[in-house]
Amino acid sequence: MLKELIKESEEKMKKSIEILRKELATLRAGRANPSILDKLMADYYGTATPVNQLANISAPEPRMLMIQPWDKTLIPVIEKAIMKSDLGLNPSSDGVIIRIAIPQLNQERRLELVKTIKKKAEDCRVSIRNIRRDSNDKFKSMEKGKIITEDETKKGQDDIQKLTDQYIKEVDHVFEAKEKEIMEI
């Protein structure tokens, strides 16, 4: 019973870290990374569709993204979606491929991005702490219901605290890596 609860809590904590990694991958860090277009939607015959499902996206150079739509008639639609997005990118096409030059980030924009990732990391830490709180509440209610002993409750809470500390450290590592990537000149 305790092991299942601890395992379930660990799975939730892992999921929180995965979500943080995905969110941070979509932030532009001055280097061409196809994942910055993951949330970008284009109108595909009246349906908002992710651009990465409409085209092949690659980064042939450190500061260049190439988008090769499978249907050439989508080029203006994808260009329009990029222009409307808050990514601050200017696409150019030759009728076959859309090229996006990734501009160098200025210091002000870098600091804004660091604030954004700091907030996302803190949100993830809060999520992990909430998982700990929920688990501890379950331990206490199980103890009240005489399902487990006080010692088992204490051990379970200690195990959950160790997991919490471990995953919060991991959040810090993910944050520091992204911050370093953004602040690189």
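## A bridge between two helices

In this predicted model, Lys-138 pairs up with Glu-8 in a salt bridge, and their closest N and O atoms sit 3.5 Å apart. These two come from distant parts of the chain, with their positions 130 residues apart. Lys-138 belongs to helix α3 (residues 107-144), while Glu-8 belongs to helix α1 (residues 2-25).

How accessible are the two partners? Lys-138 comes out as partly exposed, at 34% relative accessibility. Glu-8 is partly exposed too, with a relative accessible area of 36%.

## Pairs inside helix α4

Helix α4 (residues 150-183) has a salt bridge of its own between Lys-155 and Asp-159. The N to O distance here is 3.0 Å. The two residues are four apart in the chain, or about one turn of the helix.

Lys-178 and Glu-181 make another salt bridge, with 3.7 Å between the closest N and O atoms. Both lie in helix α4, this time three residues apart, again about one turn. Is Lys-178 buried or exposed? Lys-178 counts as buried because its relative accessibility is just 7%, and the cut-off for buried is under 20%. Its partner Glu-181 is partly exposed, at 26%.

## A network, and the full count

Some of the charged side chains go beyond simple pairs. Glu-122, Arg-125, Arg-129 and Asp-172 are joined in a network of salt bridges.

How many salt bridges does the structure hold? The total is 13. As for why such contacts turn up, side chains of opposite charge can pair when their charged atoms come close.

Methods
Residues are numbered from 1 along each chain as its sequence is written. This is a predicted model: local features need pLDDT of at least 70, side-chain atom pairs count only at pLDDT 80 or more; totals for chains, interfaces and linings use all residues. Side-chain values use heavy atoms; hydrogens and water are left out. A salt bridge is a side-chain nitrogen of Lys or Arg within 4 Å of a carboxyl oxygen of Asp or Glu. Buried means under 20% relative accessible area, exposed over 50%, partly exposed in between (1.4 Å probe, protein chains only).
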